[in-house]
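Thanks for coming. I have one structure to go through today, and I will take it piece by piece.

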Amino acid sequence: MAMRVFTRVVETGSFSRASDQLGIPRSTASKLVSDLERHLGVELVERTTRKVRVTQEGRDYYVRAHRIVHEVDDADNALRDRPHSPKGPLRIEATSSFANLVLIPSLADFRARYPDIVLSVGISDRYVDLVAEGVDCAIRASNEETTPLVAHHLFSFENVTFASRSYLERRGIPETPDALADHDLIGYFSAATGKPMPLLFARDGRRREIERFALSTNETTGYVNMIKAGLGIGQNFREIIRPQLESGELVPILEEWTRPRMHYCIVYPPGRVVHARLRAFIDWAVARFAIGNSQPVWTVESFKDPYLRMDQANVMPGNVK
């Protein structure tokens, strides 16, 4: 248990977060690590009132301890889950628009298949530290096919520039990106950095970026709702707003100008044991949402097996605060 507590302290950067995730008192977590240090005869972490810093000896020990703890978990889960259907808690994170418009409408099917999995769905557009916050996996969008996490590709979304029918009837339809100078634009900004994401337009080797916004938000459902309310023009994934496009409530514009496709994937940290609950969710999501594609799993380096543990990647956190 002491080795498990130590690895979790290193990964979360906090005795409090580690004890919360393991379901033990903070005092117990601190005592177990202290006992481990006395047993080894070295200091693994330096404690102050503000932060926990891993010593060099702690870093060296973590590499081996991390592998051992996950080997034990892997063995336990393989035997525990063999005769039973997956059961127990599973925490996932998803972006707001994907969760509300794609995932939640499909969860009845997941519940019917796996009634004993207790699913907690975090819905937010903020960047979630999966290790520090004890999250099993996240569904995220990315425009790059590289990630430090193990990633399972679900699908690629086509981006579309659009506005409400009422807005276009009132303000007219722009024919080129330059014409957007006479329109109100809706922007999306990062909840973490506050930096806006520009509207992007590409055609025949030409590329335009526009960051002049009348309104902006850091939440994707609110972003779509602003445009539905007739407040301006924006860009989003075609699949996310397909019902409104088909009904005519929202109208695509500037369709000859394209924005790079965005990829959605399930991600989890390298080295994480893919227990039966997580494996069941990944398999279900890939089968449910993979829209006519068979693209490979993305992982660090050249790993291709979606269930291969990533101990060999030697992922090592830096000093934690």
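**From the first helix to the core**

In helix H1, the buried residues are Ala2, Val5, Phe6, Thr7, Val9, Val10, Glu11 and Thr12. That is eight out of 11 residues, so H1, which spans residues 2-12, is mostly covered. Right after H1 comes Gly13, and its phi is positive, near 75 degrees. I should say at this point that this is a predicted model.

Next, the nonpolar cores. As general background, nonpolar side chains in soluble globular proteins tend to be buried together. The largest nonpolar core here contains 54 residues, and Phe98, Leu103 and Phe281 have the most contacts inside it. The element that gives the most to this core is helix H10, residues 276-289, with seven residues. A further core lies apart from it; that one has 18 residues, including Val33, Leu36, Tyr61 and Tyr62.

Which residues does Phe98 touch, if we do not count those up to four places away in sequence? They are Leu103, Ile139, Phe155, Ile240, Tyr264 and Phe289.

Now the helix pair. Two packed helices are described by the angle between their axes and the distance between the axes. For helix H5, residues 96-103, packing with H10, the angle is about 70 degrees and the axes are 14 Å apart. The range for roughly perpendicular is 65 to 115 degrees, and H5 and H10 are therefore roughly perpendicular to each other. On the H5 side the residues that meet H10 are Phe98, Val102 and Leu103; on the H10 side they are Phe281, Trp284 and Phe289.

Just past H5 is Ser106, in the loop that leads to helix H6, residues 107-113. Is Ser106 buried or exposed? Its relative accessible area is 9%, and the cut-off for buried is under 20%, so Ser106 is buried. Setting aside neighbours within four places in sequence, Ser106 is in contact with Trp284, Arg288 and Phe289.

On to the strands. Strand E6 covers residues 150-157, and eight of its eight residues are buried, so E6 is largely enclosed by the rest of the structure. E6 runs antiparallel to strand E15, residues 262-268, and seven bridges join the two. Within that pair, Phe157 stands opposite Met262 of E15.

There are two open sheets to mention. One has three strands in the order E13-E7-E14, with antiparallel pairing. Its edges are strand E13, 234-237, and strand E14, 250-253; each has a single partner strand, so one side of each is left without a neighbour in the sheet. On average, and ignoring direction, neighbouring strands of this sheet are turned by 50 degrees against each other. Strand E7, residues 159-164, pairs with E13 over four bridges in the antiparallel sense. The bridge partner of Asn159 is Phe237, in E13. Helix H8 packs on this sheet and touches E7, E13 and E14, with its direction at about 130 degrees to that of E13.

The other open sheet has three strands in the order E9-E8-E12, and its pairing is mixed. Strand E9, 196-197, and strand E12, 215-217, are the edge strands, each pairing on one side only. Strand E8, residues 186-189, pairs with E9 in the antiparallel sense over two bridges, and Phe189 stands opposite Pro196 of E9. H8, residues 220-228, packs on this sheet as well, touching E8 and E12, and its direction makes about 175 degrees with that of E8.

Last, the cysteines. A disulfide is a covalent bond between the sulfur atoms of two cysteines. How many disulfides does the model have, with sulfur atoms within 2.5 Å as the rule? The count comes to zero. Cys137 has 0% relative accessibility and so counts as buried. Cys265 is buried too, with a relative accessible area of 4%.

Cys137 also figures in a long-range pair. The C-alpha atoms of Val274 and Cys137 are separated by 10.0 Å, and the two residues are 137 apart along the chain. Val274 is placed in the loop between E15 and H10, and at 7% relative accessibility Val274 counts as buried.

That is the end of the walk-through.

Note on methods
Residues numbered from 1 in each chain as written. Predicted model: local features only at pLDDT ≥ 70, side-chain atom pairs only at ≥ 80, totals over all residues. Heavy atoms only, no water. Core = buried A, V, L, I, M, F, W, Y, C linked by side-chain atoms within 4.5 Å. Buried < 20%, exposed > 50% of the residue type's maximum accessible area, 1.4 Å probe, protein only. Contact = heavy atoms within 4.5 Å. Pairing = 2+ DSSP bridges. Axes fitted to C-alpha atoms, helices over the stretch in contact; angles between N-to-C directions. Disulfide = S-S within 2.5 Å. Parallel < 35°, antiparallel > 145°, perpendicular 65-115°, else oblique.
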